[in-house]
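Welcome to a short set of exercises with worked solutions. Keep the viewer open and try each task before reading on.

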Amino acid sequence: MISFADARQHVVDRCQRLSPRLVPLDAAAGTVLAHDVVAPEDVPPFANSGMDGYAVRSADVADATEEHPVRLRVAGTIAAGEAPHTAVVPGAAVRIMTGAPIPAGADAVVMVERSTRVGDDQVDLTQAVPAGLHIRAAGGDVAAGSVVLTAGTLLRPAHLGVLASVNVRTPTVVPRPLVGVLSTGDELVDDGRPLAPGQIRESNRPTLVAACRAYGFDAVDLGSVPDDRDVIADALRSAAGSCDAVVSSGGVSMGDFDLVKVVLDDLADMTWMQVAIRPAKPFAFGVMATDRGGVPVFGLPGNPVSSLVSLSLLGVPGLRTMAGRTGNDVDLPSVIAMSEQAIQGKADGRTAFVRVRASWDEGGVVVEPVSAQGSHQLAATSSANALAVLPDGDGVRAGDPVMLVLLHEPF
Ligand code: AMP
Ligand code: MG
């Protein structure tokens, strides 16, 4: 058996970052920025008002109080989107809206809540304001010429707004890998027909396609293939021809008809592993040579729970490496939680990934194992949102800390 850490590292070392490309902003969420972005312009582009109110010379309102307002002449009004037109001369103010440029002469804004209009062209102001109050400086968010986002940044929603704010409309990013998902097995039925003796419903592809997408990759469903060497070989070759990576399920354990590992051995630089984890011990990983470069193939075990766990623990680090993520960021996030109840472990030389439900409780994360832990019991696993990591051994006692790998947001 190979340790989980070594298996994961084997995968990460053999998956290469995809070539960066220009993408429109609305396709960039969740991708990794390939280059530093230097701001070509200031944000905000000009000094503007942070409040609806009156642009003033601070010296004019130095003595203003609630009891003794200062009366100024209103020289004009300026809205967001207008070029500054009316200068503020001593004794005058300009009515100004949030986001409107600060007129010449003004050095502060008194908010409208501290004003009372007097007739058409005068205003009483009840607040003394220091110079600069409620003025948002040009470049106060981003200065032109500065590095606003660095290469390697995973683009979250606000990053897209930042790029838009500096007029970067097609950032250069590492694209999401396109993952071709196929399943193998003579027993699989996926078209709704009644089951003949020995047949079962295909369930891995819907899970794996959706999981790939949920983890941030593009995925395409490539169907299922029978346990036939030639058909499997054709399917893998064609998948590698059209996708950046291939995920297959089934056919990698010790059965007489587990042919994926046999075929992969012919087609790819393949390593067949017995990973010291439970579930998902068998795992085949290879890189198929194509004219577009090496295409990683993840041969996951067929049991429905195992294939999902294998994708989450060994597939994700490889695919995220292709997507430009590095370090621990290639793994699903993990947190320390408290186990409300004892979780039985086993001393069998393997790390167990127990399917649990994590929830937020009075300031801490608590976990409860789902009702059934068999690698064929997907229904029970479907209510899990995390994997509790149990080192080889007795397990954890109630109240003990336990590490969780988060399959999706638990809160
Ligand atoms: P295998 O890894 O091919 O030996 O399959 C292990 C177990 O998982 C067997 O019981 C298979 O019938 C089952 N299995 C394999 N592929 C699928 C699938 N796509 N959907 C549901 N069950 C599967
Ligand atoms: Mg099979």
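Two strands count as paired if DSSP finds at least two bridges between them; strands (E, at least two residues) are DSSP runs, numbered from the N terminus. This is a predicted model, in which local features need pLDDT of at least 70 and side-chain atom pairs count only at pLDDT 80 or more, while totals for chains, interfaces and linings use all residues. Residues are numbered from 1 along each chain as its sequence is written, chains are lettered from A and ligands numbered from 1 in the order in which they are written, and side-chain values use heavy atoms, with hydrogens and water left out.

**Exercise 1.** Work out the strand order of the sheet that contains E14, and find its edges.

Solution. Start with the order, which is E17-E14-E18-E22-E21-E19: six strands in an open sheet with mixed pairing. Next, look for strands that pair on one side only; these edge strands are E17 (218–225) and E19 (268–274). Then take the twist, which averages 20° from one strand to the next (axes are lines fitted to C-alpha atoms, and angles run from 0 to 180 degrees between N-to-C directions). Finally, zoom in on E21 (residues 282–290) and E22 (residues 293–300), an antiparallel pair with seven bridges. Within it, alanine 284 has glycine 299 of E22 as its bridge partner.

**Exercise 2.** Do the same for the sheet that contains E5.

Solution. Six strands again make an open sheet of mixed pairing, now ordered E8-E5-E7-E6-E10-E9. Its edges are E8 (108–111) and E9 (115–118), each paired on one side only. Ignoring direction, neighbouring strands are turned by 40° against each other on average. Inside the sheet, E6 (residues 70–78) runs antiparallel to E10 (residues 122–125) over four bridges, and arginine 71 is matched with aspartate 124 of E10.

**Exercise 3.** Which residues are closest to ligand 1, and which polar contacts can you list?

Solution. First collect the surroundings, taking residues with a heavy atom within 4 Å of the ligand. There are 16, the closest being Glu187, Glu202, Ser203, Gly251 and Gly302. Now search for polar contacts, which are pairs of N or O atoms within 3.5 Å. A ligand nitrogen is 2.9 Å from a side-chain N or O atom of glutamate 202, and a ligand nitrogen is 3.4 Å from one in the side chain of asparagine 204. From glycine 251, a backbone N or O atom lies 2.9 Å from a ligand oxygen.

**Exercise 4.** Find the unusual backbone values at proline 44, proline 279 and histidine 134.

Solution. Keep the background in mind: most residues other than glycine have a negative phi, and most peptide bonds are trans. Step one: the bond from valine 43 to proline 44 is cis, with omega near -10°, and proline 44 sits in the loop between E3 (37–38) and E4 (48–49). Step two: arginine 278 and proline 279 are also joined by a cis bond, with omega about 0°; proline 279 belongs to the loop between E20 (277–278) and E21. Step three: histidine 134 has a positive phi, near 60°, and is located in the loop between E10 and E11 (135–136).

Conventions:
A polar contact is a pair of N or O atoms within 3.5 Å; within protein, one must be able to donate a hydrogen and the other to accept it, and residues adjacent in sequence count only if both atoms are side-chain atoms.
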